[in-house]
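Let's take a look at how a ligand is held and how a couple of aromatic rings meet.

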Amino acid sequence: MVSANRPDPFMPAYRYEQLVQAVVDYAIYMLDPSGYVVSWNAGAERIKGYRAEEVIGRHFSLFFTPQDCLDGRPERLLRQALDQGVAQDEGWRVRKDGTQFWALAALDVIRDHHGQVIGLAKITRDITDRRDSALQLDAMRAQLFQAQKLEALGQLTGGLAHDFNNLLTIILSSARLALVSKDPARTQNLLEHIVDAGQRGAQLTRQLLSFARHQQFTVTRVNPVELVASTRSLLEHALPDDIELEQQLAPDLPLIEVDAGQLQMVLLNLLFNARDAIEGAGQIRLEVRVVTLVGEVEGLHGQFVRFDVHDTGQGIAPYVLPRIFEPFFTTKPFGKGTGLGLSQVYGFAKQSNGAICVASSEGQGTCMSLYLPAQQHDGDLQPNE
Ligand SMILES: Nc1ncnc2c1ncn2[C@@H]1O[C@H](COP(=O)(O)OP(=O)(O)OP(=O)(O)O)[C@@H](O)[C@H]1O
Ligand SMILES: [Mg+2]
């Protein structure tokens, strides 16, 4: 700060002045209540390029861009600081040589002992470098996101075209053969192939719609115990003898409001994945219980029924893990997996206001946890009503 008389070096005010003058990374200066500069430190000179005698007595709008001045930005900041005691701003400022820098500025009202406003303290930092790196990081993130999106899209269209092509080949060749066949039994057999291929196509689109969350759900109140029982009966024949299926159901499970058919498909998908991950002998454990979430799982709150499918399989490699919910992502050999199972699980969990989480360690096994909102107990409704 500038002062005409030589100050007493032991006065606290002098020490403060020394301190403020020593700061070179921040522009620290004072304005009078109308916005005219009354003091100037070394940092202000370094950042803005003006010496104290060039700038004291001039209005602080001098540091704003012509457009900001036209928009009334300096006045607005001043008014806000006078009304609320403080104002903060981030934006372009102009140096003496006309170049611009990105500034982070704070304006604080200073009052005397009687509460009268005597001026404003202005602190400005040049954060151009910080802004540039943040922008660069944003641009890189956007590029990465775009690349991932394109890859997923390529995989989606490639996978779709491939699967539908296979089905169309079956339909067309069977239809051609049926047209020329004289044997009614053979024609019947070929027509069955056509219906089967058509149904698989319909199933494929259903799974896709479910991932895209455009599937129409038929929501009912479902009893988890009944659902697990019917799912097990479907699964029994599909499990090899040396894979043991264990189940643990907590007592008094609440009802859940979901599409029962979809949930069954979800559980089957999880159980089939568990089965496929086990080479030789192993164990799958299906555990169902109630948990209270307070935001730790995808920000969900409240009571949820949690279905855990544990397996003692090969686990999931860390580089595979981020991709398992992508449609058509599969590590299974050609003809073994479509890569749509977990994308259906994901779409279902989201559309049912729940979540799907995975914990896996390579060589040890995997646990997939599905959370679905629990219904409050009310005696009027029966399960699956
Ligand atoms: N329990 C698990 N253990 C190990 N890897 C798993 C497990 N569940 C899923 N994965 C991995 O995630 C990939 C994607 O699973 P997803 O169910 O979507 O497709 P898929 O099983 O390959 O084919 P689909 O289910 O359509 O027949 C699998 O190929 C596999 O690599
Ligand atoms: Mg699967």
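## Ligand 1 and an aromatic pair

An oxygen atom of ligand 1 lies 2.8 Å from a polar backbone atom of Leu342, a polar contact being a pair of N or O atoms within 3.5 Å. Here are the polar contacts of ligand 1 with Leu342, Leu340 and Thr366:

| Ligand 1 atom | Protein partner | Distance |
|---|---|---|
| oxygen | Leu342, polar backbone atom | 2.8 Å |
| oxygen | Leu340, polar backbone atom | 2.9 Å |
| nitrogen | Thr366, side-chain N or O atom | 3.4 Å |

On its own, ligand 1 exposes 590 Å², and the protein buries 91% of that (Shrake-Rupley method, 1.4 Å probe).

This is a predicted model, where local features need pLDDT of at least 70, side-chain atom pairs count only at pLDDT 80 or more, and totals for chains, interfaces and linings use all residues. Residues are numbered from 1 along each chain as written, chains are lettered from A and ligands numbered from 1 in the order written, and side-chain values use heavy atoms, with hydrogens and water left out.

Around ligand 1 there are 17 residues (a heavy atom within 4 Å), and Thr330, Thr331, Lys332, Thr338 and Leu342 are the closest.

Now for the rings: the whole structure has 7 aromatic pairs (ring centres within 6.5 Å; planes under 30 degrees apart are stacked, over 60 edge-to-face, the rest tilted). Tyr29 and Trp40 have ring centres 4.9 Å apart and planes at 50°, so the pair is tilted.

Technical notes. A polar contact is a pair of N or O atoms within 3.5 Å; within protein, one must be able to donate a hydrogen and the other to accept it, and residues adjacent in sequence count only if both atoms are side-chain atoms. Rings of Phe, Tyr and Trp (its six-membered ring) pair if their centres lie within 6.5 Å; planes under 30 degrees apart count as stacked, over 60 as edge-to-face and the rest as tilted.
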